[in-house]
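I opened a fresh page for this chain. My notes follow in the order I looked things up.

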Amino acid sequence: MASSSSSFSSSSSSSSSSINSIIFTFVSILLFLPVIVSLPKNETTFRPLEELRKMKRIRNHLKKINKPPVKTIHSPDGDWIDCVLSHHQPAFDHPKLKGQKPLEPPLERPKGDNFTDETIDTLQLWAQSNESCPEGTVPIRRTTENDVLRASSLKRFGRKIIRRVRHDTSSGGHEHAVAFVNGGQYYGAKASINVWTPVVTDPYEFSLSQLWVISGSFGNDLNTVEAGWQVSPELYGDGYPRFFTYWTTDAYQTTGCYNLLCSGFVQTNNKIAIGAAISPRSSYKAKQYDIGIMIWKDPKHGHWWLQFGSGLLIGYWPSFLFSHLQRHASMIQFGGEIVNTRSRGYHTSTQMGSGHFADEGFGKASYFRNLKVVDWDNSLLPLTNLRLLADHPNCYDIKAGKNNMWGNYIYYGGPGRNGRCQ
């Protein structure tokens with residue numbers, strides 16, 4: 001009997017334990033059920049899977065654009081500069097360039113470009129370590145996962161927000177203060193651009209100062225090549241002004257990109273990294289620094305070449321990238337552009353240029369000087385019929401002048417939001 005009682009007791013205890021376990025599990029399910037039910041299906045099931053797929057797409061893209069370096073240089077601002085064999089750079093992923101090598105520099109520069117301009121060449125931060133890329137390589141700023149994750153999407157990474165140029169300039173939140181010439185046939189342009197560090201108050205805004213070479217209508221067939229400096233927290237993750245390039249052949253829709261973030265621009269120079277920070281920069285009522293930029297169409301091969309500083313050839317945009325620009329440009333622009341997202345419900349305080357209005361003049365307002373265009377005869381000429389446009393003059397304005405030292409020049413910029421700019 002004792003044995004039977006013990007067996008019953010053990011069996012009863014085991015049943016009780018099982019029942020308690022079932023009750024505990026059931027109560028636990030009831031407690032957590034509202035949480036599970038309240039979450040959308042994709043949050044509990046598909047989101048982690050989609051995140052994994054997204055990261056896989058990003059890593060595959062990074063593998064495509066970050067080419068294997070022969071040397072890597074760590075910049076003081078945190079950038080990694082990869083020295084990549086020139087024929088391995090992203091441009092040569094293009095079907096029309098596969099298996100080729102960069103062209104030799106054109107023998108002739110535009111007439112009147114004597115390389116003795118008084119431009120004070122600014123340096124790039126990465127080069128201050130006295131490190132350099134070997135001959136036969138080009139320095140490329142390495143793109144990171146964080147760079148891509150800051151973009152609205154992988155598809156839009158490295159591209160400007162779709163918008164029009166000059167016409168309807170306020171659309172899409174883009175605001176300009178520019179000088180321009182149009183109505184002729186232009187084969188390039190040149191200017192020295194004052195470098196500042198404007199404050200960009202929203203991570204999805206930017207402030208840039210650049211030269212535009214434009215052709216086509218202002219519809220979907222717009223062609224541009226562009227170069228200058230920009231502050232873009234979204235693209236670079238900081239507030240440094242950086243030397244940049246851009247191109248598009250369909251009004252910023254599906255073609256083109258910044259710098260070397262797609263197959264397009266062919267870099268030939270091993271001393272300047274496109275997308276790298278510029279240093280030193282100008283300060284209010286203190287020393288001023290500027291960078292020389294020239295873009296021109298090589299008469300022999302028809303490619304659009306880019307020159308930086310006092311005669312440094314950076315590389316070229318192959319003519320086959322374009323439709324209208326295979327022939328010539330129909331407009332040249334010089335000036336500034338910002339994005340105003342109105343993320344706080346009113347006009348942004350993102351600065352253009354120095355953040356000061358044009359009337360303040362040298363040492364206070366930002367400038368372009370020695371504005372010139374290249375004509376059909378590959379000659380640099382002073383501007384005629386220069387026109388000005390400031391689409392929000394209470395926020396950012398522009399004025400032009402001419403003298404013997406600076407030739408054609410402009411002052412431009414502003415603080416954004418103020419008593420007259422809401």
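**Charges over rings.** I began with a rule: a charge sits over a ring if NZ of Lys or CZ of Arg is within 6 Å of the ring centre and within 35 degrees of the ring normal. The model I am reading is a predicted one. I then looked up Arg417. Its charged end sits over the ring of Tyr346, 3.9 Å from the ring centre. That is within the 6 Å that the rule allows. Next I checked Arg420. Here the charged end sits over the ring of Phe357, and the distance to the centre is 5.8 Å.

**Aromatic pairs.** How many aromatic pairs does the structure hold? I read off 16. I picked Trp305 and Tyr316, which form a tilted pair. Their centres are 4.8 Å apart, with 40° between the planes. I looked up where the two residues sit. Trp305 lies in strand β14 (residues 304–308). Tyr316 lies in strand β15 (residues 312–317), so the pair ties together parts that are eleven residues apart in sequence. Are Trp305 and Tyr316 buried or exposed? Both are buried.

I turned to a second pair, Trp406 and Tyr411. This pair is tilted too, at 6.2 Å centre to centre and 45° between the planes. I noted both Trp406 and Tyr411 as buried. These two also belong to one aromatic cluster with Phe362, Tyr367 and Tyr409.

**Cores.** I went to the nonpolar cores next. Nonpolar side chains tend to be buried together in soluble globular proteins. Which residues have the most contacts inside the largest nonpolar core? They are Ile293, Ile295, Trp317 and Phe334, in a core of 78 residues. Apart from it lies another core, of twelve residues. Among its members I found Phe92, Leu97, Val266 and Trp305. Trp305 is the residue I had noted in the tilted pair with Tyr316.

I then went back to Ile293 and listed its contacts, leaving out residues up to four places away in sequence. Ile293 touches Ala189, Lys190, Ala191 and Ile193, among others. Leu211, Ala227 and Phe243 are on the list as well. So are Leu306, Gln307 and Phe308.

**A tryptophan in β8.** I looked up Trp229 and found it in strand β8 (residues 223–231). Its relative accessibility is 0%, so Trp229 counts as buried. I also checked Trp229 against Ala276, which is 47 residues apart from it along the chain. Their C-alpha atoms are separated by 9.8 Å.

**Strand β5.** I followed strand β5 (residues 174–186) to its partners. Strand β16 (residues 329–339) runs antiparallel to β5, and ten bridges join the two. I took Tyr186 as an example: its bridge partner in β16 is Ala329. Strand β19 (residues 387–390) also runs antiparallel to β5, with four bridges between them. There I noted Ala179 with Leu388 in β19 as its bridge partner.

**Disulfides.** How many disulfides are there? The count comes to three. Numbering the bonded cysteines in sequence order, I wrote the pairing as 1-2, 3-4, 5-6.

I started with Cys83 and Cys133, joined S to S at 2.1 Å. The torsion about their S-S bond is about -80°, so this disulfide is left-handed. The pair links distant parts of the chain, 50 residues apart. Cys83 is in strand β2 (residues 80–85), and Cys133 is in the loop between β3 (123–124) and β4 (137–141). Cys83 is buried at 0% relative accessibility. Cys133 is buried too, at 3%.

Cys257 and Cys262 came next, again joined at 2.1 Å S to S. Their link is left-handed, with -80° about the S-S bond. Cys257 counts as buried at 2% relative accessibility.

I finished with Cys395 and Cys421, whose sulfur atoms are 2.0 Å apart. Their link is right-handed, with 95° about the S-S bond. Cys395 lies in the loop between β19 and β20 (397–403), and Cys421 in the segment after β21 (407–413), so the pair ties together parts 26 residues apart in sequence. Cys395 is buried at 5% relative accessibility. Cys421 is buried with a relative accessible area of 1%.

Definitions and conventions:
Residues numbered from 1 in each chain as written. Predicted model: local features only at pLDDT ≥ 70, side-chain atom pairs only at ≥ 80, totals over all residues. Heavy atoms only, no water. Core = buried A, V, L, I, M, F, W, Y, C linked by side-chain atoms within 4.5 Å. Buried < 20%, exposed > 50% of the residue type's maximum accessible area, 1.4 Å probe, protein only. Contact = heavy atoms within 4.5 Å. Pairing = 2+ DSSP bridges. Disulfide = S-S within 2.5 Å. Phe/Tyr/Trp six-rings, centres within 6.5 Å; stacked < 30°, edge-to-face > 60°.
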